[in-house]
Amino acid sequence: MINLFEPQLLGATVPLKNRIVMAPMTRTRTSEGDVPNQMMATYYGQRAGAGLIVSEVINVAPSSKGYALMPGIYTEAQRQGWRLVTDEVHHHGGAIFAQIFHVGRMAHPSLMPNGEDPWGVTEERAEHSDVFAHDQDGKLSYIPAGTPRRIRTDEVSALVDTFSQAFANARQAGFDGVEIHAGNGYLFDQFMNSALNTRTDRYGGGSVENRTRFLMEVVEAAVREWGPGHVGVRMSPFGQFNSMPADPLVEETLLFASEQLGRHGVAYLHLVYELMPIGNMETGEFKKHHISHSVLAQVRAAFPGAIIWCGGFNDREGAQTALDTGLVDLIAFGRPYIANPDLADRLKHGWPLAEADRSTYYTRRGEIGYTDFSAYSGQ
Ligand SMILES: Cc1cc2nc3c(=O)[nH]c(=O)nc-3n(C[C@H](O)[C@H](O)[C@H](O)COP(=O)(O)O)c2cc1C
């Protein structure tokens with residue numbers, strides 16, 4: 001039986017000091033130019049007690065900017081900003097992977113280069129979902145996602161090269177690996193969803209090979225840059241965040257992808273168990289999307305790497321019970337990490353957990369609700 005506080009060698013190459021993962025969380029604290037800064041370095045360094053930190057999601061290119069104030073990894077300044085973060089995490093004995101994505105249709109012309117339309121797998125808009133962009137008066141607020149333009153086949157292929165460059169940049173920035181964000185209704189997820197992907201090209205929804213082709217090409221690029229032990233993939237099968245339609249072929253896609261990712265030498269699969277509901281990020285409310293143990297067992301059989309399970313864990317007992325199923329290897333904690341930088345110690349010693357104020361999740365309020373939580377001191 002695996003113990004939550006037992007070390008692990010991830011992908012046979014990255015040593016983790018325990019089975020606790022800090023889940024990726026967008027916190028919108030970047031500096032001008034979507035550049036990571038010293039305050040972000042402090043925040044991540046404070047949380048280096050996790051076996052693995054997965055960074056907030058990072059834009060692969062300007063066309064991926066779906067929400068204001070999110071970081072990128074395509075300029076020199078951004079790369080240097082991330083170096084501050086990775087140095088700080090390593091200084092505190094932690095490991096950190098860069099979560100990278102393309103936002104796809106979850107964007108708005110007010111944030112896109114030259115005011116162009118968001119990039120979509122089709123022209124179908126995320127009808128009931130908002131993005132954090134500029135309203136008619138130029139003010140940042142939550143507004144409905146724009147109507148996307150269906151990207152051309154050659155643009156999808158070109159995007160694979162853009163990801164390659166981002167993976168190289170992540171290496172130069174000192175990360176320990178990369179996590180490809182293929183969940184939560186963003187571009188990879190849009191391609192994989194058979195109900196949404198009505199394309200007829202080689203990336204089209206008609207076959208599982210085509211639906212997963214974009215992801216697999218990007219995974220190959222990541223493994224080429226990093227080697228197999230340093231690449232993870234996050235998926236949220238069954239999730240309906242960002243207006244994702246229910247997909248009758250979700251299990252087929254998940255199992256095929258799991259098997260293929262294993263073949264490519266992906267170190268871990270990060271499965272989200274609980275997600276935000278349809279709506280915007282500001283509501284901060286969550287809804288359960290259960291991945292059944294029987295589906296998980298099939299994923300386990302298909303995928304030889306580690307499995308991270310995320311969503312709704314907030315104590316030692318629940319996390320250990322999940323590990324005891326033998327179906328997963330690591331447990332990711334999102335919201336509990338906001339107010340408990342020393343979460344691993346608190347879980348280990350049974351110390352109480354602090355609660356974060358939801359209104360500080362995504363704000364420009366700097367250190368407030370961000371780096372101002374201290375380690376447990378007995379009070
Ligand atoms: C403030 C906040 C920001 C988030 N940003 C991201 C993100 O950038 N990438 C991602 O994959 N998931 C993101 N999520 C989802 C979390 O990684 C996680 O799946 C979710 O919070 C459920 O886990 P929890 O119950 O431990 O919080 C975010 C969640 C929160 C609360």
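**Helix packing, the E179 environment and the ligand shell in a predicted model**

E179 is buried, with 29 other C-beta atoms within 10 Å. The model described here is predicted, and the position of E179 in it can be assigned to strand β10, which spans residues 177-181. Leaving aside residues up to four places away in sequence, the residues touched by E179 are V54, F97, Q99, G232, V233, R234 and H270. One of these contacts, R234, is 55 residues from E179 in sequence, yet the C-alpha atoms of E179 and R234 are 6.8 Å apart in space.

Packing between helices was examined next. Two packed helices are described by the angle between their axes and the distance between the axes. For helix α1 (residues 38-46) and helix α2 (residues 76-91), the angle is about 30° and the axes are 8 Å apart. Since angles under 35 degrees count as roughly parallel, α1 and α2 are therefore roughly parallel to each other. Their crossing is right-handed. On the α1 side, the contact is formed by Q38, M40, A41, T42, Y44 and G45, and on the α2 side by L84, V85, E88, V89 and H91. Classified by residue type, this contact of α1 with α2 comprises 6 nonpolar, 4 polar and 1 charged residues.

Burial within α1 involves M40, A41, Y43, Y44, G45 and Q46. The elements that cover these buried residues of α1 include β4 (52-59) and β5 (96-101), as well as α2.

A second helix pair is formed by α3 (residues 153-172) and α6 (residues 213-226), whose axes come within 9 Å and cross at roughly 30°. That angle makes α3 roughly parallel to α6. The crossing of α3 and α6 is right-handed. Helix α3 contributes V156, V160, F163, S164, F167, A168 and R171 to the contact, while α6 contributes F214, E217, V218, A221, A222, E225 and W226. By class, the contact of α3 with α6 contains 10 nonpolar, 1 polar and 3 charged residues.

In a third pair, α7 packs with helix α8 (residues 293-302) at an angle of about 25°, the axes being 8 Å apart. The arrangement of α7 relative to α8 is thus roughly parallel, and α7 passes α8 in a right-handed crossing. The residues of α7 in this contact are E251, L254, L255, S258, E259 and G262, which meet V295, Q298, V299 and A302 of α8. The contact of α7 with α8 has 5 nonpolar, 3 polar and 2 charged residues.

The loop between β11 (231-235) and α7 (250-263) includes N242. Phi of N242 is near 60°, a positive value in a residue other than glycine. N242 is buried, because 28 other C-beta atoms lie within 10 Å and 20 or more suffice for that assignment. S243 is also found in the loop between β11 and α7. Although S243 is not a glycine, its phi is positive, at about 60°. S243 counts as partly exposed, with 18 C-beta neighbours inside 10 Å.

P248 is likewise placed in the loop between β11 and α7. With 9 C-beta neighbours inside 10 Å, P248 counts as exposed, the cut-off for that class being 12 or fewer. P248 and L327 are 79 residues apart along the chain, and their C-alpha atoms are separated by 24 Å.

The surroundings of the ligand were also considered. There are 20 residues around the ligand, of which A23, P24, V57, G334 and R335 come nearest. The shell around the ligand consists, by class, of 9 nonpolar, 7 polar and 4 charged residues. One of the nearest residues, V57, falls within the residue range of β4 (52-59), an element that contributes to covering the buried residues of α1.

Methods. Residues are numbered from 1 along each chain as its sequence is written. This is a predicted model: local features need pLDDT of at least 70, side-chain atom pairs count only at pLDDT 80 or more; totals for chains, interfaces and linings use all residues. A residue is near a molecule or strand if its C-beta atom, placed from the backbone, lies within 6 Å of it. Ala, Val, Leu, Ile, Met, Phe, Trp, Tyr, Cys and Pro count as nonpolar, Asp, Glu, Lys and Arg as charged, and the others, Gly among them, as polar. Axes are lines fitted to C-alpha atoms, for helices over the stretch in contact, and angles run from 0 to 180 degrees between N-to-C directions. Helices (H or I, at least four residues) and strands (E, at least two) are DSSP runs, numbered from the N terminus. Angles under 35 degrees count as roughly parallel, over 145 as roughly antiparallel, 65 to 115 as roughly perpendicular and the rest as oblique. A crossing is left-handed if the near helix is turned anticlockwise from the far one by less than a right angle, and right-handed if clockwise. Two residues are in contact if their C-beta atoms, placed from the backbone, lie within 7 Å.
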